Amino acid sequence: MTQAPFPATRFRRTRASGALRDLVRENTLTPGDFIWPVFVRDGEGVEEPIGSMPGVNRLSVDKVVEAAREAHSLGIPAICLFPYTDERLKTKDCAEAWNPENLSNRATRAIKEAVPDIAIMTDVALDPYNIDGHDGFVEDGVIVNDRTVEALVKQTLSQARAGADIIGPSDMMDGRIGAIRAALEAEGHQNVCILSYSAKYASAFYGPFRDAVGASGALKGDKKTYQMDPANSDEAMRLIERDLNEGADMVMVKPGLPYLDICRRVKDSFGAPTYAYQVSGEYAMIAGAAERGWVDGDKIMLESLMAFKRAGCDGILTYFAPAAARMLNG
Ligand code: PBG
């Protein structure tokens with residue numbers, strides 16, 4: 001890159017008006033970049049606020065359908081379902097995870113029926129159903145891998161049968177992508193995508209989410225034996241490569257903003273569809289500060305989302321999806 005010296009080059013020329021700024025803008029943010037995570041609970045007509053996530057509610061299935069309709073009309077291509085499971089349905093064997101009538105599957109069928117054009121992403125992990133609060137089975141204090149993968153496959157198939165378009169394994173067990181892909185192919189779900197939570201870090205930024213899905217109470221200890229060490233970057237590349245080789249269509253880095261360096265490395269190294277999850281703690285920091293009037297929430301929201309595009313992401317899972325889409329649509 002060569003640059004003529006000042007004053008032949010004045011960078012302020014291309015910043016001098018809105019028109020010029022539009023012309024030289026390198027990245028764009030549109031509602032088409034968003035996947036909207038929503039929390040589903042039982043009941044009817046229920047919108048239950050989540051204390052640590054101002055502006056986010058747990059929705060009953062009928063309200064989730066309304067949310068999907070709104071998302072679709074705003075141009076948001078996908079909605080991601082997280083169930084808030086009744087304590088009484090949590091067990092050691094996590095059987096509710098593959099119950100065809102569980103909340104997630106009921107919500108999937110209801111959305112498919114009412115808003116067939118929005119893509120539905122579902123969560124594969126045992127934590128919402130696990131009396132131990134972990135993403136995998138716990139045996140003698142150890143989160144076991146291979147037996148958990150068998151359960152994740154059952155969970156996946158129940159979601160695919162209900163009509164899920166994108167399977168999102170968030171559990172971080174080894175070998176799950178290959179097992180899930182083989183099971184989907186064997187049962188004829190050729191077009192069901194896998195968006196793997198490939199580089200998911202053991203992060204304190206998930207705190208409000210665990211309240212939202214009611215997993216905070218059950219969880220003892222931490223998730224460091226399966227989620228990644230925040231100090232590592234090369235390991236993320238190896239995980240992404242492994243998951244792509246096992247049949248992931250899309251890959252994710254999580255959390256988002258504190259891990260933009262990983263997003264950029266992933267996009268540059270593999271060129272695969274790359275997503276970041278702007279997680280609950282990131283949302284809470286922005287929404288909480290905005291609520292107090294300490295920051296301009298709308299501007300920070302859009303600036304933080306643009307950062308993901310600049311870092312190479314193809315899309316973002318964000319609780320801000322509808323608010324951001326409304327702003328972007330003017
Ligand atoms: C668990 C899961 C978590 C999130 C999505 N799926 C939390 C965790 O790993 O404890 C976090 C999402 C967020 O914080 O917004 N399977």
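In which loop is the place of Pro255? In this predicted model, Pro255 has its place in the loop between β10 (250-254) and α8 (260-270), and a cis peptide bond with an omega of about -10° joins Lys254 to Pro255.

**Backbone geometry**

Most peptide bonds are trans, and most residues other than glycine have a negative phi. Against that background, a cis peptide bond is also found between Phe6 and Pro7, where omega is about 10°, and Pro7 lies in the segment before α1. Positive phi values occur at Cys94, with phi near 55°, and at Asp140, with phi of about 50°, although Asp140 is not a glycine. Cys94 belongs to the loop between β4 (78-83) and α3 (103-114), whereas Asp140 sits in the loop between β6 (138-139) and β7 (142-143). The two residues can also be described by their accessibility: Cys94 counts as buried, at 0% relative accessibility, while Asp140 counts as exposed, at 83%.

| Item | Angle | Place |
|---|---|---|
| Phe6-Pro7 | omega about 10° | Pro7: segment before α1 |
| Lys254-Pro255 | omega about -10° | Pro255: loop between β10 and α8 |
| Cys94 | phi near 55° | loop between β4 and α3 |
| Asp140 | phi about 50° | loop between β6 and β7 |

**Cysteines**

With a disulfide taken as a pair of cysteine sulfur atoms within 2.5 Å, the count for this model comes to 0 disulfides. Cys94, the buried residue with the positive phi, takes part in no disulfide, and the nearest cysteine sulfur, which belongs to Cys80, is 19 Å away. Why is the sulfur of Cys193 not in a bond with that of Cys80? The closest cysteine sulfur to that of Cys193 is indeed the one in Cys80, but the distance is 13 Å, which is too far for a bond. Cys193 itself is partly exposed, with a relative accessible area of 26%.

**Surface patches**

Two patches on the surface involve residues in or before helix α1. A patch of positive charge is formed on the surface by Arg10, Arg12, Arg13 and Arg15; one of these, Arg10, is found in the segment before α1 (18-24) and is partly exposed, with a relative accessible area of 43%. Leu20, Leu23 and Val24, in turn, make a nonpolar surface patch of about 280 Å². Within that patch, Leu20 is a residue of helix α1, and because its relative accessible area is 33%, Leu20 is classed as partly exposed.

Methods. Residues are numbered from 1 along each chain as its sequence is written. This is a predicted model: local features need pLDDT of at least 70, side-chain atom pairs count only at pLDDT 80 or more; totals for chains, interfaces and linings use all residues. Side-chain values use heavy atoms; hydrogens and water are left out. Patches are made of residues with over 30% relative accessible area and no salt bridge: like charges are joined within 9 Å, nonpolar side chains (Val, Leu, Ile, Met, Phe, Trp, Tyr) within 5 Å. Accessible areas come from the Shrake-Rupley method with a 1.4 Å probe; for residues, only the protein chains shown count as cover. A salt bridge is a side-chain nitrogen of Lys or Arg within 4 Å of a carboxyl oxygen of Asp or Glu. Lys and Arg count as positive and Asp and Glu as negative; His and the chain ends are not counted. The place of a charge is taken as NZ of Lys, CZ of Arg, CG of Asp or CD of Glu. Helices (H or I, at least four residues) and strands (E, at least two) are DSSP runs, numbered from the N terminus. Buried means under 20% relative accessible area, exposed over 50%, partly exposed in between (1.4 Å probe, protein chains only).
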